[in-house]
Amino acid sequence: MAPRKVSDSASAEPRRSSRIASQPAPPAPEVKPKPAKATKKRAAEEVVDEAKEGESSAAKKVKADEKEANESGEGSSDVLPHIDIGGSLPSLILKNEKAEDIQIAELAAEKGVILFLVPKADTPGCTNQACGFRDKYPDFTSSNYDVYCLSADSPTAQSKWQTKKELPYPLISDPKRILITALGAGEGGKTKRSHFIFEKGGKLVEKRLPVSPADSPKLALEFVKGHA
């Protein structure tokens, strides 16, 4: 008996619907790249850069303000012109030993003025000089001259020294050495022992720079007596 013939339909591939086969394949979904995130280090660097830019801008503004102030004359109140023989007492407000404001330009309005300068209150040399003016104080006042001690000490330190040594005249505090420097006695952040004599009206007529503690009151009185 002859073998059965395998049906062609059994060996053939499965048939696909003609409708499905005719449709195009759907496109693959597009994947958008995610933006790269800044690392912590990069973020920190950006913060530092912004801070530096801010500091630079602030520094430039400060310099510009300083330049403008200098050009307009502002901020120069701590500097006075040099006062030499023939010059006058400047317009300047300082404090006395009682922390009271005094106008320097008005000191010699009615009498002559002697300003003696000491490096530091209540030290041996300065005390010697101050006591010399104390002992001769009546002679100065009888010659129509007032006496003032000028130093960079605070009013409190001057007041204690005045009480301790019974100094009869006022003391003037010049902590920034504005007047002291204008008189030529404030180089190097220190006060040079000296004295200056202004006649009535405020004109400088005599100066001793430097001078010894013992000679200062004697020489000042000699000049006053001869200038009267």
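Let's start with contacts along the chain. Take pairs of residues at least 6 apart in sequence. Of the contacts between them, 64% join residues at least 24 apart. Keep in mind that this is a predicted model.

Now the overall inventory. The chain has 228 residues, and 33% of them are buried. Its secondary structure comes to eight helices and seven strands. The exposed surface is about 15,300 Å², with carbon and sulfur atoms supplying 53% of it.

On to the cores. Which residues touch the most other members of the largest nonpolar core? They are Ile-104, Leu-115, Leu-117, Ile-172, Leu-179, Leu-183 and Phe-198, out of 23 residues in that core. Four elements, β3, β4, α7 and β6, each supply at least two of its residues. Helix α7, residues 178-182, gives the largest share, four residues.

Look at Leu-179 for a moment. Set aside its neighbours within four places in sequence. Leu-179 then contacts Ile-83, Pro-90, Leu-92, Leu-94, Ile-104, Leu-115, Leu-150 and Asp-174. Two of those partners, Ile-104 and Leu-115, you just heard in the list of core residues.

There is another core, apart from the largest one. This one has 21 residues, including Val-118, Phe-133, Cys-149 and Tyr-169. As general background, nonpolar side chains in soluble globular proteins tend to be buried together.

Next, helix α8. It runs over residues 215-227, so count 13 residues. From first C-alpha to last it reaches 18 Å, close to the 18 Å expected at 1.5 Å a residue. Buried or exposed: where do its residues fall? Ser-216, Pro-217, Ala-220, Leu-221 and Val-224 are buried. Seen down the axis of α8, these buried residues fall within an arc of 120 degrees, so they line one face of the helix. On the other side, Glu-222 and Gly-226 are exposed.

What does the buried face of α8 pack against? Its buried residues pack against strands β3 (112-117), β4 (145-151) and β6 (194-198), and against helices α4 (124-135) and α5 (137-142). Three of these elements come up again in the largest core: β3, β4 and β6 each supply at least two residues there.

Last, strand β6 itself. β6 pairs with β7, residues 204-208, in the antiparallel sense over four bridges. Within that pair, Ile-197 stands opposite Glu-206 in β7. The two strands form a hairpin, with five residues between them. In the turn, Gly-201 has a positive phi of about 105 degrees.

How values were computed
Residues are numbered from 1 along each chain as its sequence is written. This is a predicted model: local features need pLDDT of at least 70, side-chain atom pairs count only at pLDDT 80 or more; totals for chains, interfaces and linings use all residues. Side-chain values use heavy atoms; hydrogens and water are left out. Buried means under 20% relative accessible area, exposed over 50%, partly exposed in between (1.4 Å probe, protein chains only). Contact means heavy atoms within 4.5 Å. Accessible areas come from the Shrake-Rupley method with a 1.4 Å probe; for residues, only the protein chains shown count as cover. The expected span of a helix is 1.5 Å times one less than its number of residues. The arc is that of the directions from the helix axis to the C-beta atoms. Two strands pair if DSSP finds at least two bridges between them. A nonpolar core is a set of buried Ala, Val, Leu, Ile, Met, Phe, Trp, Tyr and Cys residues joined through side-chain atoms within 4.5 Å.
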